[in-house]
Amino acid sequence: MALRRQTRTRLYRAVMYVIFFGVIAAFALSVNWSKAIPQFFNLEVAAKLFPEIITVALRNTILYTIIAFAGGLLLGILFALMKLSSIALFRWFATAWIELFRGLPALLTIFSVAFIVPIAFGWKVPGGPVGAGLLGLMLVASAYIAEVIRAGIEAVPKGQTEAARSLGMSPMKTMFWIILPQGFRIIIPPMTNELVLLLKDTSLVFIAGSFIWSKELTTFARDANTAYANATPLIVASLLYLVVTIPLTRYTAWLERRMARER
């Protein structure tokens, strides 16, 4: 019986592999490569994108991600602590903030910061369109990061708090020196996922307006697509996104496996 079961398993796997590669082959054969290659994989058009797509577009994408993530992290810590506060007013405000910016599309948030706020309140975000776009991303990131941090704090065993308090540490010192460091260790994988999502959301900064020097990958590729009447720039930009995101996602998977083994 064991041999039969093993044989069935092998046959099942073999059939799955055949089906999988059969689908891939059918897809490849169905593509009109004579038209697809000049339109999507034109090396001459791709060559014209360099080095600006690296030195300007990719650099701006990474820079915007770092700035928005840093701002979102600071706000996220603040609102996570407010949501866990014993003061009801703080909890209500933090909950309203988190639900608002998690519920609104990031595009609408950036649009509001860039156009609605200046008209309604007569105040413009420093940094022009780029500053407005980054502030919008920070607001969105802060809501998601706050929930991740809150979950990490609540995952720390309560005995850690009790032990710190028994040693005479104040609630604030306990939170910042004992609970938060342990909580951040727990939330590294989901925080890395948030970083990847934020990197892709930088493509929405264009809604606030952009200049030649401030274009990120998607805006750069879209403008090049229009200029050359060719979709190759979009393919190149997609590959560059993958160059950045795949190592991050693999690092997250490695961290999750390592943490699972340590439990």
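# Helices, salt bridges and a surface patch

Tutor: Let's open with two helices: helix 4 and helix 7 cross in a right-handed way. Keep in mind that the model is predicted, with local features needing pLDDT of at least 70 and side-chain atom pairs pLDDT 80 or more, while totals for chains, interfaces and linings use all residues. Residues are numbered from 1 along each chain as its sequence is written, and side-chain values use heavy atoms, without hydrogens and water.

Student: What makes the crossing of helix 4 and helix 7 right-handed?

Tutor: The near helix is turned clockwise from the far one by less than a right angle; anticlockwise would make a crossing left-handed. The helices themselves are DSSP runs (H or I, at least four residues; strands are E, at least two), numbered from the N terminus.

Student: And why are helix 4 and helix 7 called oblique to each other?

Tutor: Helix 4 (residues 52-83) and helix 7 (residues 128-155) pack at about 45 degrees, with 5 Å between their axes. Angles under 35 degrees count as roughly parallel, over 145 as roughly antiparallel, 65 to 115 as roughly perpendicular, and the rest as oblique. The angle falls among the rest, and therefore helix 4 and helix 7 are oblique. The axes are lines fitted to C-alpha atoms over the stretch in contact, with angles from 0 to 180 degrees between N-to-C directions.

Student: How do you know which word fits helix 5 and helix 7?

Tutor: Their axes are 8 Å apart and meet at an angle of about 120 degrees. That value is in none of the named ranges, so helix 5 and helix 7 are oblique too. Their crossing, however, is left-handed.

Student: What makes Glu147 and Lys83 a salt bridge?

Tutor: A salt bridge needs a side-chain nitrogen of Lys or Arg within 4 Å of a carboxyl oxygen of Asp or Glu. For Glu147 and Lys83 the N to O distance is 3.0 Å, and the pair qualifies. Glu147 sits in helix 7 and Lys83 in helix 4, so the bridge ties together parts 64 residues apart in sequence.

Student: Why is Glu147 called buried?

Tutor: Its relative accessibility is 14%. Buried means under 20% relative accessible area, exposed over 50%, and partly exposed in between (1.4 Å probe, protein chains only), so Glu147 counts as buried.

Student: How do you know that Arg102 and Glu147 meet in a salt bridge?

Tutor: Their distance is 3.5 Å, N to O, and the rule is satisfied. Arg102 is in helix 5 (residues 88-103) and Glu147 in helix 7, so this pair links parts 45 residues apart in sequence. With a relative accessible area of 35%, Arg102 is partly exposed.

Student: What about Lys215 and Asp223: which class of accessibility has each?

Tutor: Lys215, at 17%, is buried, whereas Asp223, at 30%, is partly exposed. The two side chains meet in a salt bridge at 2.7 Å, N to O. Elsewhere, salt bridges with shared partners join Lys83, Arg102, Glu147, Arg150 and Glu154 into one network. By the rule, the count comes to 5 salt bridges.

Student: What makes Leu100, Leu104, Leu108, Phe111, Phe115 and Ile116 a patch?

Tutor: A patch takes residues with over 30% relative accessible area and no salt bridge; nonpolar side chains (Val, Leu, Ile, Met, Phe, Trp, Tyr) are joined within 5 Å, and like charges within 9 Å. These six form a nonpolar surface patch with about 480 Å² of accessible area together, by the Shrake-Rupley method with a 1.4 Å probe, where only the protein chains shown count as cover for residues. Helix 6 (residues 106-121) gives the largest share, 4 residues. Ile116 belongs to helix 6, and its 44% relative accessible area makes Ile116 partly exposed.

Student: Why is Ala229 called exposed?

Tutor: Its relative accessibility is 61%, so Ala229 is past the cut-off for exposed. Ala229 lies in the loop between helix 10 (217-228) and helix 11 (232-262), and its phi is near 50 degrees, a positive value in a residue other than glycine.

Student: How do you know that Trp177 is exposed?

Tutor: Trp177 reaches 64% relative accessibility and therefore counts as exposed. Trp177 is part of helix 9 (residues 171-201).

Student: What makes the peptide bond from Phe50 to Pro51 cis?

Tutor: Omega is near 5 degrees for that bond. Pro51 is in the loop between helix 3 (43-49) and helix 4.
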